[in-house]
Amino acid sequence: MMSMKICIIYHSETGNTRHVAQHLSAACGEPRLIEVHDLATYSHLTRFLTRCKKARGEETTAIEPSSIDVSGFDLIVLGSPIWAFKPTPAIHAALDALKGCDGKPVVGFFTHGGMPGTSEATFTSWCKGRGMQVRGTMGIHMKDIENEKKTKELVAIVTAACARKDA
Ligand SMILES: Cc1cc2nc3c(=O)[nH]c(=O)nc-3n(C[C@H](O)[C@H](O)[C@H](O)COP(=O)(O)O)c2cc1C
């Protein structure tokens with residue numbers, strides 16, 4: 001796996017997805033790790049509902065960085081929270097922001113509160129739309145982010161994706 005150049009890209013508002021991304025990064029020999037920030041400002045009162053509405057509509061949002069060149073990487077890993085049963089507008093925007101992703105293998109992971117809905121299917125269709133090959137997806141309940149068994153399961157998915165690319 002170490003011979004593979006991996007790029008982990010994630011979005012996280014309250015730290016759960018960041019936590020998993022950092023564990024995964026450590027287990028994969030510290031590959032490139034990119035956090036995507038949602039630049040939209042939401043009113044305090046309507047924050048939750050507005051974000052749900054945007055996510056449910058599979059909208060994108062302005063993000064930083066606005067362009068992500070992955071042409072030098074062999075495997076892309078994307079991590080997102082689940083909002084309204086979907087990956088977030090920021091990770092959707094990150095997919096749109098990728099440069100040089102055509103034909104590349106991708107793995108997705110999602111942290112959620114127990115209702116991930118059809119987020120994995122949504123993610124798969126977005127990736128296919130960018131010409132990427134989905135090699136695995138995994139949902140992790142927020143109560144399991146410290147669960148070593150779950151981290152190992154995710155590392156195994158990434159390792160298998162690497163082995164398949166090497167083959
Ligand atoms: C706007 C919003 C919508 C959410 N919608 C869902 C949902 O539909 N299903 C679910 O299981 N969890 C939902 N959650 C919980 C988050 O997915 C969960 O807390 C996640 O781990 C947050 O990741 P983060 O800490 O990296 O931001 C929602 C959270 C927010 C803020």
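**A walk outward from strand β1**

I6, I8 and Y10 point one way from β1, C7, I9 and H11 point the other way, and every one of these residues is buried. That back-and-forth fits the usual pattern: in a regular strand, side chains alternate between the two faces of the sheet. Keep in mind that this is a predicted model. All six of the six residues in β1, residues 6–11, are buried, so the strand is largely enclosed by the rest of the structure.

So who are the neighbours of β1 in the sheet? One is β5, residues 75–83, which runs parallel to β1 and is joined to it by five bridges. To find your place there, look at I6, which stands opposite L75 in β5. The other is β2, residues 32–38, again paired with β1 in the parallel sense and again over five bridges. Here a handy marker is I9, whose bridge partner in β2 is I34. Getting from β1 to β2 takes you through helix α1, residues 16–27, and the three elements make a right-handed β-α-β unit.

Now for the packing. In soluble globular proteins, nonpolar side chains tend to be buried together. In this model the largest nonpolar core has 41 residues, and I9, I76, V77 and A94 are the ones with the most contacts inside it. The elements that give two or more residues to this core are β1, α1, β5, α3, β8 (105–112), α4 (119–129) and α5 (148–166). Of these, β5 supplies the largest share, six residues.

A94 takes us to helix α3, residues 89–97, which is mostly covered, with seven of its nine residues buried. The buried ones are P89, A90, I91, H92, A94, L95 and A97. What does A94 touch, leaving aside its neighbours within four places in sequence? Its contacts are I9, H11, V36, I63, I68 and L78. Two of those names should ring a bell: I9 and H11 point the same way from β1.

For a contrast, finish at D102, in the loop between β7 (98–99) and β8. Is D102 buried or exposed? It has 11 C-beta neighbours inside 10 Å, and because a residue with 12 or fewer is classed as exposed, D102 counts as exposed. One more thing to check in the viewer is G129: it is 27 residues from D102 along the chain, and the C-alpha atoms of the two are separated by 9.6 Å.

Conventions
Residues are numbered from 1 along each chain as its sequence is written. This is a predicted model: local features need pLDDT of at least 70, side-chain atom pairs count only at pLDDT 80 or more; totals for chains, interfaces and linings use all residues. A residue is buried if 20 or more other C-beta atoms lie within 10 Å of its own, exposed if 12 or fewer, and partly exposed in between; C-beta atoms are placed from the backbone. Helices (H or I, at least four residues) and strands (E, at least two) are DSSP runs, numbered from the N terminus. Two strands pair if DSSP finds at least two bridges between them. A crossover is right-handed if, with the strands pointing away from the viewer, the path from the first strand over the helix to the second runs clockwise. A nonpolar core is a set of buried Ala, Val, Leu, Ile, Met, Phe, Trp, Tyr and Cys residues joined through C-beta atoms within 7 Å. Two residues are in contact if their C-beta atoms, placed from the backbone, lie within 7 Å.
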